[in-house]
Amino acid sequence: GRLIEDADGETTRDRLLLLINAHHEPVEFTVPTGRGSWRVVLTTDDPDPIDPLRAGDVVAVRDRSLLLLHSD
């Protein structure tokens, strides 16, 4: 989500990253390069709180769940 436009027509450099795991076992994802940290916005799992992630960090997404991250 680069240059996302809001209702007023303003754009932002915020980014969203959606990690989806449809597999029946957990899957690990490597966080891509970015300007800053990634924070959890939404998850369909009920995990312990996840600290902000940085580029190169590995995050496990539980089976049949998703994780939405935001970076500004």
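**View 1. A patch of negative charge on the surface, formed by Glu5, Asp6, Asp8 and Glu10.** The model is a predicted one, in which local features need pLDDT of at least 70 and side-chain atom pairs count only at pLDDT 80 or more, while totals for chains, interfaces and linings use all residues. Residues are numbered from 1 along each chain as its sequence is written, and side-chain values use heavy atoms, with hydrogens and water left out. Patches are made of residues with over 30% relative accessible area and no salt bridge, like charges being joined within 9 Å and nonpolar side chains (Val, Leu, Ile, Met, Phe, Trp, Tyr) within 5 Å. Asp and Glu count as negative and Lys and Arg as positive, with His and the chain ends not counted. A charge is placed at NZ of Lys, CZ of Arg, CG of Asp or CD of Glu. Glutamate 10 sits in the loop between strand 1 (4-5) and strand 2 (11-12). Strands (E, at least two residues) and helices (H or I, at least four) are DSSP runs, numbered from the N terminus. Glutamate 10 is exposed, at a relative accessible area of 52%. Buried means under 20% relative accessible area, exposed over 50%, and partly exposed in between (1.4 Å probe, protein chains only).

**View 2. The nonpolar surface patch of Ile4, Leu16, Val41 and Leu42.** Together these four residues have about 330 Å² of accessible area, computed by the Shrake-Rupley method with a 1.4 Å probe and, for residues, with only the protein chains shown as cover. Leucine 16 belongs to strand 3 and is partly exposed at 42% relative accessible area. Valine 41 belongs to strand 5 and is exposed, with 52% relative accessibility. The C-alpha atoms of valine 41 and leucine 16 are 9.1 Å apart in space, and the two residues are 25 apart in sequence.

**View 3. Strand 3 and its antiparallel partner, strand 7.** Strand 3 (residues 15-21) and strand 7 (residues 65-71) are joined by seven bridges; two strands pair if DSSP finds at least two bridges between them. Leucine 16 has histidine 70 of strand 7 as its bridge partner. One face of strand 3, with Arg15, Leu17, Leu19 and Asn21, is covered. The other face, with Leu16, Leu18 and Ile20, is uncovered.

**View 4. Strand 7 beside strand 5.** These two strands run antiparallel and share four bridges. Threonine 43 has leucine 67 of strand 7 as its bridge partner. Strand 7 is mostly covered, five of its seven residues being buried.

**View 5. The salt bridge between arginine 62 and aspartate 45.** Side chains of opposite charge can pair when their charged atoms come close. A salt bridge here is a side-chain nitrogen of Lys or Arg within 4 Å of a carboxyl oxygen of Asp or Glu, and the count by this rule is one. In the pair shown, the closest N and O atoms are 3.5 Å apart. The contact links distant parts of the chain, with arginine 62 in the loop between strand 6 and strand 7 and aspartate 45 in the loop between strand 5 and strand 6, 17 residues apart. Arginine 62 is partly exposed, at 47% relative accessibility.

**View 6. Backbone at arginine 64, in the loop between strand 6 and strand 7.** Most residues other than glycine have a negative phi. Arginine 64 has a positive phi of about 50 degrees, although it is not a glycine. Its relative accessible area is 59%, so arginine 64 counts as exposed.

**View 7. Two pairs of positions, threonine 12 with phenylalanine 29 and alanine 55 with aspartate 72.** Threonine 12 lies in strand 2 and is partly exposed at 29% relative accessibility. Its C-alpha atom is separated by 25 Å from that of phenylalanine 29, 17 residues away along the chain. Alanine 55 lies in the loop between strand 5 (39-43) and strand 6 (58-61), and is partly exposed at 41% relative accessible area. Alanine 55 and aspartate 72 are 17 residues apart in sequence, with 13 Å between their C-alpha atoms.

**View 8. The chain as a setting for the close-ups, with seven strands and zero helices.** From the N terminus on, the elements run β-β-β-β-β-β-β. The C-alpha atoms fill a box of roughly 40 × 25 × 20 Å, taken along the principal axes. Of the 72 residues in the chain, 24% are buried.
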